[in-house]
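Okay, thanks for squeezing me in before coffee. I'll put the structure up and then walk you through the parts I'd look at.

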Amino acid sequence: EDDSAVLSGEDWEALAEEDDFVAPVLAVVGRPNVGKSTLVNRIIGRREAVVEDVPGVTRDRVSYEAEWSGVDFTLVDTGGWEVDAKGIDRMVADQAERAVDVADAVLFVVDATVGATATDEAVVKMLRRKGKPVILVANKVDGPSTEADAAALWSLGFGQPWPVSSLHGRGTGDLLDAVLDELPEESAYGDPLPEGGPRRVALLGRPNVGKSSLLNQLAGEERVVVNEVAGTTRDPVDELVELGGRTWRFVDTAGLRRRQHMAQGADYYASLRTATALDKAEVAVVLLAVDEVLSEQDQRILQQVIDAGRALVLAFNKWDLLDEDRRRYLEREIDQDLKHVEWAPSINLSAKTGWHKDKLTNALDIALEAWDRRISTGKLNAFLGELVAAHPHPLRGGKQPRILFGTQVSARPPKFVLFTTGFLDPGYRRFIQRRLRETFDFRGTPIDIQMRVRE
Ligand code: GDP
Ligand code: GDP
């Protein structure tokens, strides 16, 4: 009676296509204050830390280009998370997990002068589960007198601790030699957004909005029960689901189940799960519950999707609970509070009954096609020429900034650069963006427009 079915869980890797070369990725993890930043600066040679985007990696994770003995690699670090005192061990480990997920090897930094703490142990547990090569750094070994502190870290079970002083550079050469021994020639994980293979979808939304229910509807009840066991014993797995005759990959679905009933730090986990899922997804389905008022948390999640540069579909869920009063209010909310995402395709849904779940694939297609879309330079400049002729930039101090030329520099999501003879007013930039969306049907994708002012 419906066209959804579940594929066997182990096959998705075989379906993913080969990727272009990506330099091997080294994650730097450890609790706060052990000297990670100092070590990173030491490795990248104290140059001004060049912050580069690894393809597809969301903004709160910082990556640096590094080189040792003629080998290029990428250093990845997570940051920007507010860690509160309660449950800090788990939180540090969970945060580190995001960096480890995209890495080929891990630099695990411990403060040798303090020894292994409970927080370090939580990171150890996570690293064991991941099974990736770990190079253990016994940091703050500034001189021979503290070598013994380093040796004590053998007990962590990651083999030889490398005694290092990140501050003074002592031991870092030997450490980097050891790193090169562990790194593969090419990254197997560095680009979480390879092209090809099933399209990758994240189900997002605040707790209780109906994410699990929707996943159950799409994937079938049985599968979820099986995975509940799997999620606790091995890595979070994605789920392959067949919808509309095609295979889709729903990312981080184990994370979805694992975190959902966590009472303590619920907001933190919700936000971390959103970030983790966005790392891997091409498109996000953000669920909003129509029986409740739109919340700040809903807005934060929408912003996370936009900041991550992923395609967006809105799903107004619990439609079966909508009464007349709420309906009127909802219309106002959509007009006002959701105006900034009016470009996203939306569906009305009941995850509980399955009503309209078949509308999802069409919305996903619209958003992903726009996300992938490339406009030729010729077409773009014809569009810009007509637009500017019909609606010139307002005069400013007797001068008129002009757009000389535009080009789309990338897709997934679309990014444009406009070369101009002066700064364009924000209002005019929004106008261009709106027209660009309409003209080229950029529904469901954030678009980025940068200006290059010719001096
Ligand atoms: P992070 O929070 O792990 O990134 O730690 P930081 O790199 O910010 O370092 C925390 C503190 O430890 C700073 O005051 C550093 O100067 C100090 N530190 C880092 N590495 C060393 C080291 O090798 N020896 C000593 N004595 N201090 C260090
Ligand atoms: P999650 O925390 O986002 O995964 O939300 P759940 O899927 O666990 O759903 C939370 C609660 O909302 C459960 O009691 C669901 O049965 C209920 N629920 C989810 N979707 C719908 C819906 O479309 N209609 C109604 N009436 N209830 C729903």
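Let me start with a quick one: does glutamate 182 count as buried, exposed or partly exposed? You can work it out from the neighbours. There are 16 C-beta atoms inside 10 Å of glutamate 182. Buried needs 20 or more, and exposed means 12 or fewer, so glutamate 182 counts as partly exposed. This residue is in helix α6, residues 172–182. Leaving out residues up to four places away in sequence, glutamate 182 touches Ala105, Pro133 and Ile135. For a sense of scale, take lysine 357: that residue and glutamate 182 are 175 residues apart in sequence, and their C-alpha atoms are 46 Å apart in space.

Now, the caveat: this is a predicted model. The chain has a mean pLDDT of 83, with 82% of the residues at 70 or more. By element, the lowest mean pLDDT is 33, for strand β1 at residues 5–6, and the highest is 98, for strand β13 at residues 311–317. Residues 1–19 are below 50, and in the model that stretch has 34 contacts beyond near neighbours in sequence. There's another patch at residues 80–85, again under 50, with 5 contacts beyond four places in sequence. For the complex, the predictor gives an ipTM of 0.73 and a pTM of 0.72.

On to the overall layout. We have 455 residues, and 39% of them are buried. The secondary structure comes to 15 helices and 17 strands. If you take the contacts with a separation of 6 or more, 74% are between residues 24 or more positions apart.

Next, the ligands. Ligand 1 is surrounded by 14 residues, and the closest are Gly35, Lys36, Ser37, Thr38 and Leu167. Which helix gives the most to that shell? Helix α2, residues 36–43, with 3 residues. By type, the shell around ligand 1 splits into 3 nonpolar, 8 polar and 3 charged.

Ligand 2 has 16 residues around it, with Gly210, Lys211, Ser212, Ser213 and Lys352 coming nearest. Here helix α7, residues 211–219, gives the most, with 3 residues. The shell around ligand 2 divides into 4 nonpolar, 8 polar and 4 charged.

Let's move to some strands. Strand β11, residues 246–250, pairs with strand β9, residues 199–204, in the parallel sense over 3 bridges. In that pairing, arginine 199 stands opposite tryptophan 248. Strand β11 also pairs with strand β10, residues 239–243, this time antiparallel, over 5 bridges. Leucine 243 has arginine 246 in β11 as its bridge partner. So what joins β10 and β11? They form a hairpin with 2 residues between them, and glycine 244 in that turn has a positive phi of about 55 degrees.

One helix I'd like to check with you is α12, residues 324–336. At 1.5 Å a residue, its 13 residues should span 18 Å, and the end C-alpha atoms come out 19 Å apart, which agrees. Is this helix buried or in the open? Just 1 of the 13 residues is buried, so α12 lies largely in the open.

Last bit: backbone oddities, for those of you who like torsions. Lysine 140 has a positive phi, about 70 degrees, even though this residue isn't a glycine. You'll find lysine 140 in the loop between β7 (134–139) and α5 (147–151). With 23 C-beta neighbours inside 10 Å, lysine 140 counts as buried.

Aspartate 441 is another non-glycine with a positive phi, near 55 degrees. Aspartate 441 is in the loop between α15 (426–440) and β17 (448–453). What does its neighbour count say, buried or exposed? Exposed, because aspartate 441 has 11 C-beta neighbours inside 10 Å.

And then there's a cis peptide bond, from arginine 412 to proline 413, with omega near -5 degrees. Proline 413 is in the loop between β15 (403–410) and β16 (415–420).

That's my tour. Happy to go back to any of it.

How values were computed:
Residues are numbered from 1 along each chain as its sequence is written. Chains are lettered from A and ligands numbered from 1 in the order in which they are written. This is a predicted model: local features need pLDDT of at least 70, side-chain atom pairs count only at pLDDT 80 or more; totals for chains, interfaces and linings use all residues. pLDDT is the predictor's confidence in each residue, from 0 to 100. Helices (H or I, at least four residues) and strands (E, at least two) are DSSP runs, numbered from the N terminus. Two residues are in contact if their C-beta atoms, placed from the backbone, lie within 7 Å. Two strands pair if DSSP finds at least two bridges between them. The expected span of a helix is 1.5 Å times one less than its number of residues. A residue is near a molecule or strand if its C-beta atom, placed from the backbone, lies within 6 Å of it. Ala, Val, Leu, Ile, Met, Phe, Trp, Tyr, Cys and Pro count as nonpolar, Asp, Glu, Lys and Arg as charged, and the others, Gly among them, as polar.
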